Amino acid sequence: MNKFKKGASSLYLALIFLFLYAPILVLIVLSFNDSMSRTVWGGFTLKWYANLSSNDNIMEALGTTIKITLTSSIFATILGTTAAIGIHYMKKRHTAIMLGATNIPLLNADIVTGISLMLLFTRFTPLGEFSVILAHIAFSVPYVIFNVLPRLQSLSEACFEAATDLGATPMYAFYKVVWPEIFPGVLSGFLMALTMSLDDFTITYFTKGAGVNTLSTMLYTQLRKGIQPELYALSTILFLLAFALLLVINFKGSARKEVVKNEK
Amino acid sequence: MKNKFLSLLTIASLSVASLLGFTSCGSDADDKDTLVVLNYGKYIESDVLKRFQEETGINVKYEEYESVEDMYAKYKAGSINYDVICTSDYMIETMRLEDELIPIDYSTIPNYSNIDKDIIEASAAFDPKHQYTVPYFYGTVGILYNTNMVDEDTVSSWDCLWDPDYRNQIVMINSQRDAFMVALEKLGYDINTTDTGELKEAYDLLCKEKSLIYAYLQDETYECMISEDAAMAVCYSGEAAMGMEYNEDLAYTVPKEGGNLWIDSWFVPRTCKHYDAAMKWIDFMCQEEAATENFEYVWYATPNTKVAAHEDAETLADETVFPTKETLSRCKLYEAYDNDTLDYTTNLWKRLKAY
Amino acid sequence: MINKMRTSFLATPYAIWVMICTILPLFYILGYALTNDAGSFTLSNLTAIADPVHLKSLWLSIRVAFFTTAICLLLAYPVALILHNLKLTNKGLVVFLFILPMWMNFMLRILAWQIILSNNGILNSILSTLGLPTLHILYTETAVTLGMVYDFLPYMILPIYNALSKINDQVVEAAADLGANWWTTFTKVTLPLSKDGIISGIIMVFVPALSSFVVSNLLGGGKVLLIGNVIEQEFTLARNWNLGSGLSIILMIFVLLSMSVMNKVDDSENGGMPV
C-alpha cells in the first residue's frame with residue numbers, strides 16, 4: 001500500500017514536471033531546427049547559436065534587458081531592504097499604512113500598474129529606458145519587502161539588545177546580528193525581483209519608449225511575424241545558464257550547511 | 001505624530017517629484033544625429049538598418065507596430081516624437097486630413113526616380129498633390145489556401161469563408177478594416193461604404209462567420225498555413241508568398257468579387273525633429289541595393305523599378321508577389337473613414353470580438 | 001531598546017517612492033477615468049462596464065480566472081504535499097525547480113503551447129499515432145485557461161509548500177497518535193494549518209488571471225476577448241484612454257472586492273482555529 005502510494009506520488013510529480021518543462025523542451029528543440037519556420041523541421045543545425053553574437057537586434061535587446069533587470073532589481077533590493085527595516089520598527093498604525101501601500105502593486109493587475117505609470121511618466125519624463133527602469137523598481141520593491149519582513153519579525157530583539165548591551169555599536173550589532181538573519185530574505189527578494197523583471201512584459205510594454213526593446217517586447221512583435229530562430233538559441237542558453245547558476249548556489253548552500261552540521 | 005509624519009512625506013515627495021520634472025526637462029535636449037523611425041513589424045532587412053547607420057552616422061531608434069490602428073494610437077499618444085513613419089494608404093489620408101503631415105523635399109531624394117510612376121500615380125488616392133509620401137511596398141488582400149484541402153473553384157469567391165464544411169479550418173484576418181472589406185465584398189457593397197446599415201450587415205455576417213473560424217490572425221497566418229493547421233486564410237500577398245516558399249501545396253488568389261490593393265509609404269509627421277535625417281532615410285530606402293535587400297526579406301511587391309534587374313524570371317512572374325493587371329483591376333484602395341465611421345466600425349469590431 | 005523612531009526613518013525614501021510611483025499614478029488613472037476627452041467630469045467611463053460587450057468580457061475573465069485558480073489549486077496542493085512529505089533537506093532546490101521555467105521567456109513558453117496544441121500540433125500528432133481522436137484546443141477558451149494554469153502554477157505551489165513546511169510535524173503526529181486516520185488528519189489539521197498558503201496562492205493566481213491580456217492574445221486567436229484585452233485595445237487601438245482608464249478602475253475594484261472576500265474567509269475560519 002505504502003509502495004503504491006509512493007509510486008503514485010512519484011508519477012504525479014513526474015507528470016507535473018512534464019507539464020512545466022514540456023514547452024521548454026519544445027523550445028530547446030526548436031533552437032536546433034534548420035528552418036525559419038517554427039512548424040517545419042529542417043534538420044539539425046547549430047547555426048542559430050553561431051549567428052547569435054552577430055545578430056545586432058537580439059544582442060541589443062539582451063543588453064537592454066540585462067541593464068534594466070540588474071539596475072532595477074539592485075535598486076529595488078536596497079530600497080526594499082531599508083524600507084523593510086524601517087517599517088518593522090514603525091508604529092503599528094504606520095506599518096499598516098505602509099504595508100497597504102506596498103500591497104498595491106502586488107494586488108493591482110499588471111495592466112493597471114503599467115497604464116497608470118505610463119500616464120504619469122508621459123507627463124514628467126520622455127518614455128525610454130529610464131521610465132522602464134523606474135516602472136520595474138516600482139513593481140519589484142514589494143517582493144523584496146515581503147521577503148525581508150518575515151525574517152525581521154522572526155528575529156529576536158533580545159540578541160540585538162544583548163549585543164548593544166555588551167558594547168557593540170548599533171551598526172556593528174546590525175551587521176553581526178541582524179544582517180546574517182535577514183540576508184536569506186534579502187537574497188530571495190533580490191532573486192524574485194530579478195525573475196519578475198526579467199519575465200515582465202505588460203509593464204514594459206506600456207512604459208517603454210521608441211526603439212527600446214527588451215527580449216519580451218521584442219518577442220511580442222516577432223511572435224506574429226515569425227521569430228528569429230536565434231532567439232530560441234539565446235533563450236536556451238539563458239535557461240541553461242540559470243539552471244547551472246542556481247544549481248551551483250544550491251550545492252554551495254547545502255555544502256555550507258553540511259560544514260556547519262559537522263562543526264557542531 | 002501621525003499628521004507630522006504624513007505632512008513630512010507629502011513635502012518630501014513633492015520636492016522629489018519636481019526634481020524629477022526638472023531633470024527630465026534638462027535631459028530632453030535632442031541628439032542631432034538620431035532618427036526615430038516607426039514601421040510595421042519585420043518590415044525591413046536588419047542589414048539595411050545597420051548599413052544606414054554606418055554610412056550616415058545617424059543613430060536610428062527603430063520602433064515597430066502591428067496594425068495600422070496600432071500605429072495611429074502610438075502616434076497619437078504623443079509621448080514619443082517620431083521623425084519618419086511608414087504606414088498604409090488610408091491612414092496616411094486620415095493623417096493628411098488632420099494636417100499631421102509635413103511635405104517631403106523631393107529634391108533631397110535623388111533615388112525617388114527609382115520609384116514606379118504607376119504606383120506614384122495610384123498614390124494620388126491618398127496624396128493627391130504628391131507632396132507627402134514615398135511608396136515603400138504594395139500588395140493585395142486575398143485568400144491563401146491549401147490545394148490539397150480546398151479546390152480552386154471554392155476559393156474563387158469570398159463565400160468559401162462561410163462554408164460550414166470548413167469549420168475550424170478557416171483563418172480570418174485580424175484587422176478591422178480588412179475583415180470588414182471581405183464581408184462588404186461578399187455582400188456586394190463598396191468597400192469604402194460609410195453607410196451604417198451596410199456596415200451593420202457586414203458585421204452580422206462576420207458574427208455568423210466567427211463560429212466557423214479557427215482564429216483571427218494577422219502575421220502568424222503563414223506559420224499556421226505552412227503547418228496545415230488550416231485550409232484557407234485571408235491574408236496579405238507577402239504573407240502568402242512567405243508561406244508558399246515553405247509549403248508547395250499553398251496557393252494564393254484574390255476572389256472574383258474583388259479585394260483591396262494597399263500601398264505602404266513613408267511620410268514625415270509633424271512631430272519630426274530631424275528633418276534632414278528623415279530625408280536621408282527615405283532616400284536610402286529608395287536605393288537600389290537597400291530596396292532589393294528589403295524586397296528579398298519581406299516579399300511584397302516593390303515599387304522600386306531597379307529591383308527587377310536583381311531578380312530571376314520566376315520571382316518576377318510570381319503573381320502572388322506582383323499582382324497581375326487583371327487582379328489589380330478588381331482591387332480598390334481604401335479611403336479614409338471620417339471620425340464617426342471610424343468610431344462606428346471600431347465599436348462593431350470590438351463587438352465582433354466579444355461576440 | 002532599539003531607537004525605534006530613528007530606525008523607522010529608514011523607510012522614508014521608500015515612503016516617498018510609494019507616493020510617486022504607486023499612489024500618484026493611481027490618481028492619474030482616476031483622473032482619466034473621471035473625465036472625457038474634452039476634460040470635463042463624467043462617470044460614463046465607469047458606467048461603461050454595463051455595456052454588454054464589457055460585461056461579457058468581464059464575465060468571461062471571471063470564468064477563466066476562476067477555472068484557472070481552481071485547477072491550479074487542485075494540481076498544486078498534492079504537489080506541495082508530496083514535496084513536503086519527501087522531507088527534503090534542501091528546500092531551496094524545490095523553489096528553484098519551480099521558478100526555473102520562468103527563466104525561459106514567458107512569451108516563448110506560451111508560443112511553445114501554440115506549437116503543442118495547434119490542429120496539426122505535437123499533441124494531436126501523438127493522439128493520432130495512438131489512434132485516438134484529435135482535439136481542437138488551440139484558439140479556444142480552454143487553451144487560454146490552460147496557458148494561464150501553466151503560467152501561474154508555480155505561484156500556487158510555492159506558497160502552499162511554504163505553509164506546509166511551517167507546520168510543526170508533532171502536531172500531525174499527535175493527531176495520528178490520537179487515532180485520527182490520514183483523511184481526518186489531513187482535513188482537520190494539515191489543511192486548516194496550510195490555509196494561509198492556499199489563500200495567498202489563490203490571490204497570486206486569481207489576480208493576474210483576471211487581468212491578463214497576453215495569454216488570450218496568443219492562445220485565444222483573437223476569439224477570446226477578456227477584460228484585459230478590452231482595456232489594452234482601448235489604449236493601443238481605439239485611442240480612448242479615458243474609457244481604458246475607467247475600465248481599469250472597475251477591474252481594480254473587482255480585484256479588491258475578491259481580495260476582501262478572500263480575507264473574510266480567512267478571518268471567519270481563523271476564529272475557530274487556535275493557532
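These questions and answers set statements about this predicted model against the definitions behind them.

Local features need pLDDT of at least 70 and side-chain atom pairs count only at pLDDT 80 or more, while totals for chains, interfaces and linings use all residues. Residues are numbered from 1 along each chain as its sequence is written, and chains are lettered from A in the order in which they are written.

Q: What makes residues of chain C and chain A count as in contact, and how many does each chain give?
A: Two residues are in contact if their C-beta atoms, placed from the backbone, lie within 7 Å. By that rule chain C gives 64 residues and chain A gives 59. On the chain C side, helix H2 (residues 12–33) of chain C supplies the largest share, 14 residues; helices are DSSP runs of H or I with at least four residues, and strands are runs of E with at least two, numbered from the N terminus.

Q: Why are strands S1 and S2 of chain B called paired?
A: Pairing requires that DSSP finds at least two bridges between the strands. Seven bridges join S1 (residues 34–40) of chain B to S2 (residues 59–65) of chain B, so the two are paired. The strands run parallel, and Val36(B) stands opposite Lys61(B) in S2(B).

Q: How do you know where the domains of chain A begin and end?
A: The bounds come from an automatic or database domain assignment, which gives domain 1 (56–228) and domain 2 (236–264). Their C-alpha centres lie 24 Å apart.
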